[in-house]
Amino acid sequence: MKNLEQLFIHQLKDLFSAESQLVDALPKMAKKATDSKLRKAFEDHLEETKVQKKRIEEICKEFNVSPSGEKCKAMEGLIKEAEHFMEEVQDENVMDAGLIAEAQRVEYYEISGYGTAVRYAKELGHKEVAKKLQETLDEEYAADNKLDKLAETRLNKAALS
Ligand SMILES: [Fe+2]
């Protein structure tokens with residue numbers, strides 16, 4: 001990588017891989033969720049994630065590069081951890097509380113990735129691209145907030161009882 005533009009493309013590819021892996025993982029998490037609101041949150045975020053993936057595809061097209069070719073090892077690790085957790089838990093409330101914890105780790109990872117990508121896009125003068133990435137960043141924040149509320153209200157309480 002010789003310049004910021006190349007680093008930016010590298011970040012986009014990384015995010016594309018992360019979103020792709022998440023498209024595969026979210027249905028499994030939705031299936032394991034016992035609370036209907038949590039299941040719905042995962043299902044909704046799956047649809048959002050598909051759009052986010054598409055956004056990166058569109059941006060890469062503008063730069064004439066393929067979005068694929070990188071594997072986001074961090075997301076791979078986060079998903080592996082979530083899968084491992086899902087295999088081990090037997091209690092329903094603990095399952096939901098833990099799924100939220102795993103999902104929030106994923107959201108924070110994405111928030112940091114998109115935060116960086118938006119900054120680079122602005123720095124490189126790609127205003128429209130920055131706007132598009134900001135849209136995704138806002139969605140990730142919203143998804144995290146939703147999970148926060150689900151955790152706070154009753155899931156964590158239920159896990160304590
Ligand atoms: Fe995402």
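Here is a short conversation about a predicted model of one chain.

Visitor: What makes up the chain, helices or strands?
Guide: Helices. The chain has five helices and zero strands. Read from the N terminus, the elements run α-α-α-α-α.

Visitor: Why is the chain called as compact as a globular protein of that length?
Guide: Set two values side by side. The radius of gyration is 17 Å, and the globule rule gives 15 Å for 161 residues. The first value is close to the second, so the chain counts as compact for that length. The C-alpha trace spans about 55 × 25 × 20 Å along its principal axes.

Visitor: How much of the chain is buried?
Guide: Of the 161 residues, 48% count as buried. The accessible surface comes to about 8800 Å². Carbon and sulfur atoms hold 50% of that surface.

Visitor: What share of the contacts joins residues at least 24 apart?
Guide: Take contacts between residues at least 6 apart in sequence. Of these, 79% join residues at least 24 apart.

Visitor: Which residues coordinate the iron ion?
Guide: The donor residues are E19, Q52, E110 and E140, and E19 is listed twice, each time through OE. Q52 gives OE1, while E110 and E140 each give OE.

Visitor: How do you know that these atoms count as donors?
Guide: A donor must lie within 2.8 Å of the metal. The coordinating atoms sit at 2.0 to 2.5 Å. That is inside the cut-off, so they count. In sequence the donor residues are spaced E-x32-Q-x57-E-x29-E.

Visitor: What makes E19 and Q52 a link between distant parts of the chain?
Guide: E19 is in helix 1 (residues 4-32), and Q52 is in helix 2 (residues 36-62). They are 33 residues apart. Both E19 and Q52 are buried.

Visitor: Why is S20 called buried?
Guide: Buried means under 20% relative accessible area. S20 has 18%, so S20 counts as buried. S20 is found in helix 1. S20 and E57 are 37 residues apart in sequence, and their C-alpha atoms are 11 Å apart in space.

Visitor: Why does N64 count as exposed?
Guide: Exposed means over 50%. N64 has 71% relative accessibility, so N64 passes that cut-off. N64 lies in the loop between helix 2 and helix 3 (73-88).

Visitor: What is notable about the phi of N64?
Guide: The phi of N64 is positive, about 60°, although N64 is not a glycine. Most residues other than glycine have a negative phi.

Visitor: How many aromatic pairs does a search of the whole structure find?
Guide: It finds one aromatic pair. The partners are F8 and F63.

Visitor: Why is the pair of F8 and F63 called edge-to-face?
Guide: First check the distance. Ring centres must lie within 6.5 Å, and here they are 5.8 Å apart. Next check the angle. Planes over 60 degrees apart count as edge-to-face. These planes stand at 75°, so the pair is edge-to-face.

Visitor: What does the pair of F8 and F63 tie together?
Guide: F8 lies in helix 1, and F63 in the loop between helix 2 and helix 3. The pair therefore ties together parts that are 55 residues apart in sequence.

Visitor: How do you know that F8 and F63 are buried?
Guide: The cut-off is under 20%. F8 has a relative accessible area of 0%, and F63 has 19%. Both values fall under the cut-off, so both residues count as buried.

Notes. Residues are numbered from 1 along each chain as its sequence is written. This is a predicted model: local features need pLDDT of at least 70, side-chain atom pairs count only at pLDDT 80 or more; totals for chains, interfaces and linings use all residues. Side-chain values use heavy atoms; hydrogens and water are left out. Donors are N, O and S atoms within 2.8 Å of the metal (3.2 Å for Na, K and Ca); water is not among the atoms, so sites may look incomplete. Helices (H or I, at least four residues) and strands (E, at least two) are DSSP runs, numbered from the N terminus. Buried means under 20% relative accessible area, exposed over 50%, partly exposed in between (1.4 Å probe, protein chains only). The radius of gyration is taken over C-alpha atoms; the globule rule is 2.2 Å times the number of residues to the power 0.38. Contact means heavy atoms within 4.5 Å. Accessible areas come from the Shrake-Rupley method with a 1.4 Å probe; for residues, only the protein chains shown count as cover. Rings of Phe, Tyr and Trp (its six-membered ring) pair if their centres lie within 6.5 Å; planes under 30 degrees apart count as stacked, over 60 as edge-to-face and the rest as tilted.
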